[in-house]
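Trainee: I have a structure to go through before the group meeting. Can you take my questions on the wording?

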Amino acid sequence: MTFASSHRSVLQALLAGTALFCSSSALALAQETPPEPAPASEAPPPAEAPPTPVPAAALPPPEEEKEKKKEKPWYETIRLRGYTQVRYNRLPSFRVNDSLINDQGDRFLGKDTGFGIRRARLVIFGDVHPHVSIYLQPDFASVIGDQYNVAIMRDWYADIFVDAKKEFRFRVGQSKVPFGFENLQSSQNRLALDRNDAINSALKDERDLGVFFYWAPSYIRDRFKFLVDSGLKGSGDYGVVGLGVYNGQTANRAERNNSPHAVARVTWPFLFGSQYVEVGAGAYYGRFNVSASPRDDAAYALARGPNMVDARAIASLTIYPQPLGFQAEYNLGRGPSLGSFPDEALLIDSRDLQGGYAQLMYKLDGVAGVSLIPYVRGTLYKGGKKFETNAPRYDVRELELGAEWQIWKALELTAAYVIADRTSSRYPYEQEQGHVTRLQLQFNY
């Protein structure tokens with residue numbers, strides 16, 4: 001190979017390398033140079049807006065927060081309340097009669113009495129489940145024989161709610177039997193110092209052991225609560241409709257004849273103008289086992305066996321005190337009773353009964369305290385007291401004039417003057433007349 005040809009080959013190789021280097025540089029430059037902007041019509045869509053941040057409250061709580069939000073144990077939902085009534089019945093009266101007594105009502109009437117605790121109640125209540133509520137009420141001032149201030153069970157039941165709104169429920173245990181208005185009204189709320197004989201003779205202590213069904217719309221349940229909480233002397237929530245079966249021998253007594261009583265009640269509180277009014281009616285039927293105790297000079301006997309027809313019907317009217325109020329009830333039926341003197345005075349049979357009461361009241365708010373409510377109540381009753389030995393037949397005519405002064409929510413003072421003509425509850429069941437002046441101090445907690 002000549003020097004010229006060799007030189008030519010080297011020169012060609014150099015030119016080829018230079019061309020390859022220029023092509024690579026141009027390609028790299030083209031890749032680094034940004035493209036020209038596209039026409040507006042071909043511009044890409046705008047980027048999506050960033051997502052809205054989720055509030056911290058909406059985020060699932062950490063484990064420690066979940067622990068805090070767990071449901072409380074049932075025993076932490078239980079609450080306590082109650083009231084105590086202390087009485088004195090020996091103040092001067094125009095016509096004192098130490099034989100004027102009422103064993104069904106106030107055991108501190110009559111001679112050799114002084115201060116007494118009429119009621120000492122402690123209520124334990126609360127929701128133990130969304131569908132189950134309990135209510136337990138002992139009384140520490142009951143009387144058994146000549147022993148005073150004995151603890152005894154008054155209420156011990158559970159409300160079992162069928163629906164989430166709690167409009168339908170079953171009450172199982174010992175509780176008040178839904179008969180009448182004043183029988184259901186708590187003694188903590190009632191104006192008169194004792195319940196009237198005409199209605200209360202149906203149910204000693206107002207209670208019995210059984211199963212009851214109650215229904216009321218939720219807004220009516222709220223109304224029942226308002227009529228109590230506002231100081232208007234409501235009877236409480238026993239449903240618009242109440243139905244039930246119960247032993248029939250009255251509270252804290254065993255069933256004695258395998259024949260339960262049945263009861264039904266309807267009531268409706270409504271606004272008439274600006275005043276609340278409640279009307280109701282009810283009835284019960286069953287057989288009651290009567291106790292007879294013959295005496296040497298009085299051969300008391302059962303006319304046709306111990307299990308006697310016990311049935312009543314009742315009508316109730318309440319015009320709540322806003323400020324003037326009126327309350328009345330009347331019942332009639334048949335029940336165990338001694339007969340009329342002299343033909344059937346020693347025979348106990350199921351006999352006619354009837355009676356009732358009427359009460360006028362006036363509520364004055366802000367009178368040296370929370371409220372002052374003067375009242376007057378008249379009672380008439382002719383019929384037996386089935387739960388007393390020999391079921392004595394009563395003739396009761398009684399007038400009570402009084403006033404309740406609620407000094408604070410926790411303290412009430414009631415003064416009452418009673419003019420009575422009534423049958424004694426003790427053998428030989430004689431008619432007694434007399435007057436009694438009474439004072440009661442009640443503290444609520």
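Mentor: We will take the terms in turn, and remember that this is a predicted model.

Trainee: Why is Val 245 called partly exposed?

Mentor: Its relative accessible area is 44%. Buried means under 20% and exposed means over 50%. Val 245 lies in between, so it is partly exposed. The residue is found in strand E7, residues 241-246.

Trainee: What makes Val 245 eligible for a surface patch?

Mentor: A patch residue needs over 30% relative accessible area. Val 245 has 44%, so it clears that cut-off. Its partners in the nonpolar patch are Ile 160, Val 162, Phe 168, Phe 170, Val 172 and Val 211. Together the patch has about 540 Å² of accessible area. Strand E5, residues 168-176, gives the most, with 3 residues.

Trainee: Which residues touch the most other members of the largest nonpolar core?

Mentor: Phe 179 and Tyr 246 do, in a core of 19 residues. Helix H3 (197-200) and strands E6 (207-215), E13 (347-362) and E16 (393-408) each give two or more residues to this core. Apart from it lies another core of 10 residues, including Leu 338 and Phe 387.

Trainee: What does Tyr 246 touch?

Mentor: Leaving out residues up to four places away in sequence, its contacts include Val 177, Leu 203, Phe 212, Pro 260 and Tyr 284.

Trainee: How confident is the predictor in the chain?

Mentor: The mean pLDDT is 87, and 84% of residues reach 70 or more. Over residues 1-11 the pLDDT is below 50. Residues 13-48 also stay under 50, and the model has 0 contacts for them beyond four places in sequence.

Note on methods
Residues are numbered from 1 along each chain as its sequence is written. This is a predicted model: local features need pLDDT of at least 70, side-chain atom pairs count only at pLDDT 80 or more; totals for chains, interfaces and linings use all residues. Side-chain values use heavy atoms; hydrogens and water are left out. Patches are made of residues with over 30% relative accessible area and no salt bridge: like charges are joined within 9 Å, nonpolar side chains (Val, Leu, Ile, Met, Phe, Trp, Tyr) within 5 Å. Accessible areas come from the Shrake-Rupley method with a 1.4 Å probe; for residues, only the protein chains shown count as cover. A salt bridge is a side-chain nitrogen of Lys or Arg within 4 Å of a carboxyl oxygen of Asp or Glu. Helices (H or I, at least four residues) and strands (E, at least two) are DSSP runs, numbered from the N terminus. Buried means under 20% relative accessible area, exposed over 50%, partly exposed in between (1.4 Å probe, protein chains only). pLDDT is the predictor's confidence in each residue, from 0 to 100. Contact means heavy atoms within 4.5 Å. A nonpolar core is a set of buried Ala, Val, Leu, Ile, Met, Phe, Trp, Tyr and Cys residues joined through side-chain atoms within 4.5 Å.
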